[in-house]
Amino acid sequence: MSKINFRLEEKHDYRKVEELVRNSFWNVYCPGAKEHYVLNKFRSRDDFVKELDYVMELDDEIIGQNIFVKASVKTDDGAFLPILSMGPICIKNELKRKGYGKQLLDYTLEKAKDLGYGAVMFEGNIDFYGKSGFTTASTFGIRYPDFPEDESADFFLCKELIPGYLDDITGVYVPSDGYLVADLDPEGFESYDATFPPKEKLKLPGQLF
């Protein structure tokens, strides 16, 4: 019987996990992928939550990973409410759509709750993440930054970890700027990505960028 294990990422895992992330996101949201560079840079940032940097193993092989970073909601009365953002999260390509992703997600969300974090917000697919209790953030009165008010931000998701944490809160999501690192430092990203095996970048239908 296969054995599943969740544990914190260790330094000797870094390259293997980055390869996993690169392969998982390749040509998904844009030609190529940037998520492995985002992960690489996040590990040395103050907003990275090391206590929630998890890998998932199947029979002692790393098949998945998830990270959380600190973010906030700028409330309409001018305060900043601490929350978490999440991702990249991924499962090895050959094992996707077999239930492992939900197991990893649910486990890491429970760990975030255990550490006392109140809510998680990020961009994702409600068809998948809704199964783990996420809903559109607008349900909680939270707006996506610079998004037209007359358009539905169905991709912007939220889950309360502490019931009532977002009661009487309205405001704007303030994500970590760490997610922009590949765009802010394109030369650094290209140099880093060149250290991985070459893969063909394709422009495909459904990509966001």
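This report walks through the pockets, ring contacts and salt bridges of the structure above.

The model is predicted, so a bit of caution is built in: local features need pLDDT of at least 70, side-chain atom pairs count only at pLDDT 80 or more, and totals for chains, interfaces and linings use all residues. Residues are numbered from 1 along each chain as its sequence is written, and side-chain values use heavy atoms, with hydrogens and water left out.

## Pockets

Let's start with the open spaces. On a 1 Å grid over the protein atoms alone, a pocket is an open set of points where a 1.4 Å probe fits, with protein on both sides within 12 Å along at least five of seven lines; lining residues have an atom within 4 Å of a point. Grid points are joined across faces, edges and corners, and a volume is the space filled by probe spheres set on the points.

The largest pocket holds about 1,800 Å³ of space. It has 44 lining residues, and F25, Y29, E35, E123 and G124 are the closest to its centre. Which helices and strands each supply at least two residues of this lining? They are α1 (14-25), α2 (35-42), β4 (80-91), α3 (100-114), β5 (119-123), α4 (126-129) and α5 (181-184). These labels come from DSSP runs numbered from the N terminus: helices are H or I with at least four residues, and strands are E with at least two. Strand β4 gives the most to the lining of the largest pocket, with seven residues.

The second largest pocket has a volume of about 240 Å³. Of its 16 lining residues, R143, Y144, F147, P148 and E151 lie nearest its centre.

You can also sort each lining by class. Ala, Val, Leu, Ile, Met, Phe, Trp, Tyr, Cys and Pro count as nonpolar, Asp, Glu, Lys and Arg as charged, and the others, Gly among them, as polar. The largest pocket has 24 nonpolar, nine polar and eleven charged residues in its lining, while the second largest has nine nonpolar, two polar and five charged.

## Rings

Next, the aromatic side chains. Rings of Phe, Tyr and Trp (its six-membered ring) pair if their centres lie within 6.5 Å; planes under 30 degrees apart count as stacked, over 60 as edge-to-face and the rest as tilted. That rule gives 17 aromatic pairs. In one of them, Y54 and Y107 meet edge-to-face, 5.5 Å centre to centre with 80° between the planes. This pair links distant parts of the chain, since Y54 is in strand β2 (residues 54-58) and Y107 in helix α3, 53 residues apart.

Are these two tyrosines buried or exposed? Buried means under 20% relative accessible area, exposed over 50%, and partly exposed in between (1.4 Å probe, protein chains only). Y54 is buried at 8%, whereas Y107 is partly exposed at 27%. Another edge-to-face pair joins F122 and Y129, at 4.7 Å centre to centre and 85° between the planes. Both F122 and Y129 are buried. Ring pairs also link Y144, F147, F155, F156 and Y173 into a cluster.

Charges can sit over rings too: NZ of Lys or CZ of Arg must be within 6 Å of the ring centre and within 35 degrees of the ring normal. R15 does this with F196, its charged end 3.7 Å from the ring centre. R43 lies over the face of Y14, at 3.8 Å from the ring centre.

## Salt bridges

A salt bridge is a side-chain nitrogen of Lys or Arg within 4 Å of a carboxyl oxygen of Asp or Glu. The whole structure has twelve salt bridges. Here are some of them:

| Pair | N to O distance |
|---|---|
| R43 and E9 | 3.0 Å |
| E19 and R15 | 3.8 Å |
| D47 and R45 | 2.9 Å |

R43 lies in the loop between α2 and β2 and E9 in the loop between β1 (4-8) and α1, so their salt bridge ties together parts that are 34 residues apart in sequence. R43 is buried at 8% relative accessibility, and E9 is buried at 10%.

E19 and R15 are four residues apart in helix α1, which means about one helical turn separates them. E19 is partly exposed at 33%, and R15 is partly exposed at 34%.

As for the remaining pair in the table, D47 is buried at 15%, while R45 is partly exposed at 28%. Salt bridges that share partners also join R7, D13 and E57 into one network.
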